[in-house]
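Got your viewer open? Keep the selection tool handy, and let's take a walk through this protein together.

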Amino acid sequence: MNISEQCVVSFHYTLTDGSGNLLETSAGEEPLAYLHGAGNIMPALEKALLGKTVGDKLNVNIPAAEAYGFRDESMVQELPSNMFQDIENIEVGMQLDAMTNEHGTQIVTVTKIDGDMVVIDGNHALAGLDLIFDVEVTEVRSATQAEKDHGHAHGAGGHHHH
C-alpha cells in the first residue's frame, strides 16, 4: 500500500541539523505514527512521504524556511525576575506559556538568568536550522473512521485517548 490521504503511516526517523548534530531519534522507541493529509507532521516531510511504501528509506532535507522558520530576535526578551514570582525555582531551559498581544499564548524558553533579570526566547528551539530527516517507513494502513474523525493516528506511536 502506498502512502496517500487518509492512511496511517508509521516510520522510524533520525533528525539531524545541517551540521550533522543529532537532534532527535525514534531509535529504541515505537515508530512515529501519523494520519497522512491531516497536518500532523511538517508539510515538507509529509510531501516527501507521499507515494512511499513499507521498507522505503528516504533522506529529506528541509531548509529552515520550510521547517520552523528563521530566528526572530524580537522574540527574545529580558524581563525582571519579579514577573515570574508565581514560579518557584525558575531555571534555564524551563519552558513556559506566555501571553502575547500578537500571537496569543505561546511557549517561551528561559535561556539566561542574570541577577534579577530573566531572558526568555519565543523562537522554536529548531528555528533557523536546516533539518535532515532520515526516515524508514515501517507501516502503511487505512485509517479507521475514528482516526479520520479525530484527525490523527491512534494506538502505538500515535495519539492515545484516555
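What follows is a tour of a sheet, some salt bridges and a few backbone angles.

Two notes before we start. This is a predicted model, where local features need pLDDT of at least 70 and side-chain atom pairs count only at pLDDT 80 or more, while totals for chains, interfaces and linings use all residues. Residues are numbered from 1 along each chain as its sequence is written, and side-chain values use heavy atoms, with hydrogens and water left out.

**Stop 1: the sheet**

Select strands E5 (76-80) and E6 (95-100), then add E7 (residues 104-114) and E8 (residues 117-121). The labels E and H come from DSSP runs numbered from the N terminus: strands (E) have at least two residues, helices (H or I) at least four. Together these 4 strands make an open sheet in the order E5-E8-E7-E6, with antiparallel pairing. Two strands count as paired if DSSP finds at least two bridges between them. Which strands stand at the edges? They are E5 and E6, each with a single partner strand, so one side of each is left without a neighbour in the sheet. Now look at the twist: neighbouring strands are turned by 45 degrees against each other on average, direction ignored. For such angles, axes are lines fitted to C-alpha atoms (for helices, over the stretch in contact), and the angles run from 0 to 180 degrees between N-to-C directions.

**Stop 2: strand E8**

Now select E8 alone. On one side, 5 bridges join E7 to E8; among the residues involved, Ile 113 has Val 118 as its bridge partner in E8. Another 5 bridges join E5 to E8, and here Glu 78 has Val 119 as its bridge partner in E8. Is E8 mostly covered or mostly open? It is mostly covered, as 4 of its 5 residues are buried (buried is under 20% relative accessible area, exposed is over 50%, and partly exposed is in between, using a 1.4 Å probe and protein chains only).

Next, click on the turn between E7 and E8. These strands form a hairpin with 2 residues between them, and Gly 115 in the turn has a positive phi of about 65 degrees.

**Stop 3: the salt bridges**

Side chains of opposite charge can pair when their charged atoms come close. Here a salt bridge is a side-chain nitrogen of Lys or Arg within 4 Å of a carboxyl oxygen of Asp or Glu. How many does the structure hold? There are 4.

Select Arg 71, Glu 73 and Asp 121, which are linked in a network of salt bridges. The closest N and O atoms are 3.3 Å apart for Glu 73 and Arg 71, and 2.9 Å apart for Asp 121 and Arg 71. Asp 121 lies in E8 and Arg 71 in the loop between E4 (57-62) and E5, so this pair ties together parts that are 50 residues apart in sequence. Colour by accessibility and you get a mix: Asp 121 is buried at 9%, Arg 71 is partly exposed at 40%, and Glu 73 is exposed at 52%.

Then jump to Arg 141 and Glu 139, whose closest N and O atoms are 3.9 Å apart in their salt bridge. Arg 141 is partly exposed at 24%, and Glu 139 is partly exposed at 35%.

**Stop 4: two positive phi angles**

Select Gln 6, in the segment before strand E1 (7-17). Gln 6 is not a glycine, yet its phi is positive, near 70 degrees. Finish at Asn 89, in the loop between E5 and E6: its phi is also positive, at about 50 degrees, and Asn 89 is exposed at 59%.
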